[in-house]
Amino acid sequence: MKKREEKILDYIKKYMKVVTHTTTEYERNNKKFFEPWFIKMKKESKNPIDYGFFPVHKDALKREIPWLLMRGKSKKTIVFIHHTDTVDVDDYGKLKDIAYDPEKLEEIYKSGEVEIDPRTKADLDAGGWLFGRGGCDMKQGGAMHMALFEEYSLDEDFPGSILLMGVPDEENSSAGMRSAAYLLEDLYNKYDLDYGLMINSEPHERLEKDTLVVYDGAIGKIMPICLARGKLAHVGQVYSGFNPINIMAEIVRRTELNPIFSEVSGNTTSPAATWLYFKDRKEVYDVSLPIYCGGYMSILPLKRGPKELMNMLREISVNAFDKVIADMEESYAEFKKTSKVLYGEMNYKANVKFYNEVYDEILKSGNPNFLHAMKELEDELIEKIEDNKISRAEAAYRMMEKLLEFYDDRRPLVMWGIAPPYYPSTNNMDLFSSKQMNELIGRLQKFSKEKLNSDLEVQNYYTGICDLSYGMFTESDEVIDYIKNNMILWGDSYEIPLELIKKHSMNVLNLGAWGKDFHQYTERVLIEDLCDKVPKLIDFTVHDFLGH
């Protein structure tokens, strides 16, 4: 029988060769990889085994979640997750054909045929790293889980149950992990499982070679989207109009890297907010002011919920609106001192609303065409999203613009909504079992020091954004309703089964190998972590958790 180390290397090399580029039909190849292994596990296991391929909910690409369940001596269940998708190999250039072959890549890199940076060359010369697309992010996690699962399946006295899942689409919008909530519910109903701990194995970065890292939570992500509507005017009559770029620029200036959006929780400080897109909505050139300007931003919360964050943005936007109006009036006053052509009084007032507020106002007005027009556009946009013709953010803008066509208030306006994707923040301190998890981590640190000769650093949040965001949800039903009401395109195009996630909320840990240069052609993972240290940490965690 092969040793654990040999099995992990064997699994990862085979797994890497299976092309699973995110948001493509190649993702369905995860079934081709896992099905033979699942059959083997069911045949050889000394414990009851069930497996399947769960369809991703409302997925145009018909992707599936491979899952394998072993039921041991109790219903107390640990869930292993990793994502099966990878980014593509375009960055490898002429090496595309060998991007999944660690040995050939290493040979080419050592030959000097391809330029590599000094850090990568130092690792190459030192040895001990496995190169190639997906090896680090994150088929290393799947390979470790497979080897450990195989060991547990042969233990007739295994103290609990293990569910292994490979989720697609993590690199895009986590459609696989969001759909996993339905799978967890199905398996719960069928086997009465007691979900206690979810272990993910995303790679981590570290500063010290002999200091491993464990995360007991994951940072959140919310993407507020803003559309500013101005007042149309010829550029030669600019004082008779209102430029939406002006108000959007002021909002961006007041929010970009604003430290009020940065939070501290535990030993983690979240980054400040930043804008990912900002542009007028003109499609062709003309000499008039744009009627619309929009942008969307990224906020990475640790503790704040969507409602609090959106109210902060509303307050900032009102202040920005007041400032822009004051500046416009001051400029107009100077203009009137020397110009014989005047444009009347401005009389603007700050006007900031949320998408759902405008929607409800229009709904109450009783316009008979409103709901039909919105649904018709939404269906059209969903089809374009599924065909990769537009992004969800662009679709959200078009929904916002359509909404304002029905809005009787024609004054300049700033309207905020929430665009997909949304990732809740998670941390074990939010659950009643946080004390037990802290004690477990303490024992894990002691094990790492004594048995692996390595320190184990605990980070309270994985800041790279990952599927552990959907391992628990502890907010109120009111917060769930708020998200649904303000998330544009919620429903057929995008949804999160927050009620189910809340029902099956479990502790979360990320235990993965040390990796470098994720999504780059020099992507690599430390073999010692992959084959030895991290599997031992996971194994200790599994037995400790199930034994207490």
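This briefing covers sheets, helix packing, an aromatic pair and backbone geometry. The model is predicted. One open sheet has three strands, and another has five. Helix 8 packs against helix 7 and against helix 13. A search of the whole structure finds 31 aromatic pairs.

**Three-stranded sheet**

- Strands of a sheet pair through backbone hydrogen bonds, either parallel or antiparallel.
- The strand order in this open sheet is 4-20-19, and the pairing is antiparallel.
- Strand 4 (129-131) and strand 19 (515-516) are the edges. Each has a single partner strand, so one side of each is left without a neighbour in the sheet.
- Strand 4 runs antiparallel to strand 20 (residues 524-526), and three bridges join them.
- Trp 129 has Leu 526 of strand 20 as its bridge partner.
- Helix 5 (residues 135-153) packs on this sheet and touches strand 4, strand 19 and strand 20. The direction of helix 5 makes about 45° with that of strand 20.

**Five-stranded sheet**

- This open sheet has the order 12-13-9-15-14, and its pairing is mixed.
- Strand 12 (274-280) and strand 14 (352-354) are the edge strands, and each pairs on one side only.
- From one strand to the next, the twist averages 20°.
- Six bridges pair strand 12 with strand 13 (residues 292-298) in the antiparallel sense.
- Within strand 13, Tyr 296 stands opposite Tyr 277.
- Helix 9 (residues 355-365) lies across strand 14 and strand 15 (413-423). Helix 9 runs at about 85° to strand 14.
- Helix 11 (residues 392-405) lies across strand 9, strand 12, strand 13 and strand 15. Its angle to strand 9 is about 40°.

**Helix 7 with helix 8**

- The axes of helix 7 (residues 244-255) and helix 8 (residues 306-338) come within 9 Å. They cross at roughly 130°.
- An angle of that size falls short of the 145 degrees above which helices count as roughly antiparallel and lies above the 65 to 115 range for roughly perpendicular, so helix 7 is oblique to helix 8.
- The crossing of helix 7 past helix 8 is right-handed.
- Helix 7 makes the contact through Asn 246, Ile 247, Glu 250, Ile 251, Arg 254 and Thr 255. On the helix 8 side, the residues include Leu 313, Ile 316, Phe 321, Lys 323 and Met 328.
- By class, the residues of this contact of helix 7 with helix 8 are eight nonpolar, four polar and three charged.

**Helix 10 with helix 11**

- Helix 10 (residues 370-386) and helix 11 have axes that come within 10 Å and cross at roughly 165°.
- That angle is over 145 degrees, which makes helix 10 roughly antiparallel to helix 11.
- Helix 10 passes helix 11 in a right-handed crossing.
- Among the helix 10 residues in the contact are Phe 370, Met 374, Leu 377 and Glu 378. Helix 11 brings Arg 392, Ala 395, Arg 398, Met 399, Lys 402 and Leu 403.
- The residues of the contact of helix 10 with helix 11 are nine nonpolar and five charged, with no polar ones.

**Helix 8 with helix 13**

- Helix 8 also packs with helix 13 (residues 477-486), at an angle of about 50° and with axes 9 Å apart.
- That makes helix 8 oblique to helix 13.
- Pro 306, Lys 307 and Met 310 of helix 8 meet Glu 478, Val 479, Tyr 482 and Ile 483 of helix 13.
- The contact of helix 8 with helix 13 has five nonpolar residues, two charged and no polar.

**An aromatic pair**

- A pair of aromatic rings is described by the distance of the centres and the angle of the planes.
- Among the 31 aromatic pairs is the one of Tyr 239 and Phe 335. Their centres are 4.7 Å apart, with 35° between the planes, and the pair is tilted.
- This pair links distant parts of the chain, 96 residues apart. Tyr 239 sits in the loop between strand 9 (221-229) and helix 7, and Phe 335 in helix 8.

**Backbone exceptions**

- Most residues other than glycine have a negative phi, and most peptide bonds are trans.
- Asp 137 to Met 138 is a cis peptide bond, with omega near -10°. Met 138 is in helix 5.
- Pro 420 and Pro 421 are joined by a cis peptide bond with omega about 0°. Pro 421 belongs to strand 15.
- Lys 62 has a positive phi, near 60°. This residue lies in the loop between strand 1 (49-55) and strand 2 (64-70).

Technical notes:
Residues are numbered from 1 along each chain as its sequence is written. This is a predicted model: local features need pLDDT of at least 70, side-chain atom pairs count only at pLDDT 80 or more; totals for chains, interfaces and linings use all residues. Side-chain values use heavy atoms; hydrogens and water are left out. Two strands pair if DSSP finds at least two bridges between them. Helices (H or I, at least four residues) and strands (E, at least two) are DSSP runs, numbered from the N terminus. Contact means heavy atoms within 4.5 Å. Axes are lines fitted to C-alpha atoms, for helices over the stretch in contact, and angles run from 0 to 180 degrees between N-to-C directions. Angles under 35 degrees count as roughly parallel, over 145 as roughly antiparallel, 65 to 115 as roughly perpendicular and the rest as oblique. A crossing is left-handed if the near helix is turned anticlockwise from the far one by less than a right angle, and right-handed if clockwise. Ala, Val, Leu, Ile, Met, Phe, Trp, Tyr, Cys and Pro count as nonpolar, Asp, Glu, Lys and Arg as charged, and the others, Gly among them, as polar. Rings of Phe, Tyr and Trp (its six-membered ring) pair if their centres lie within 6.5 Å; planes under 30 degrees apart count as stacked, over 60 as edge-to-face and the rest as tilted.
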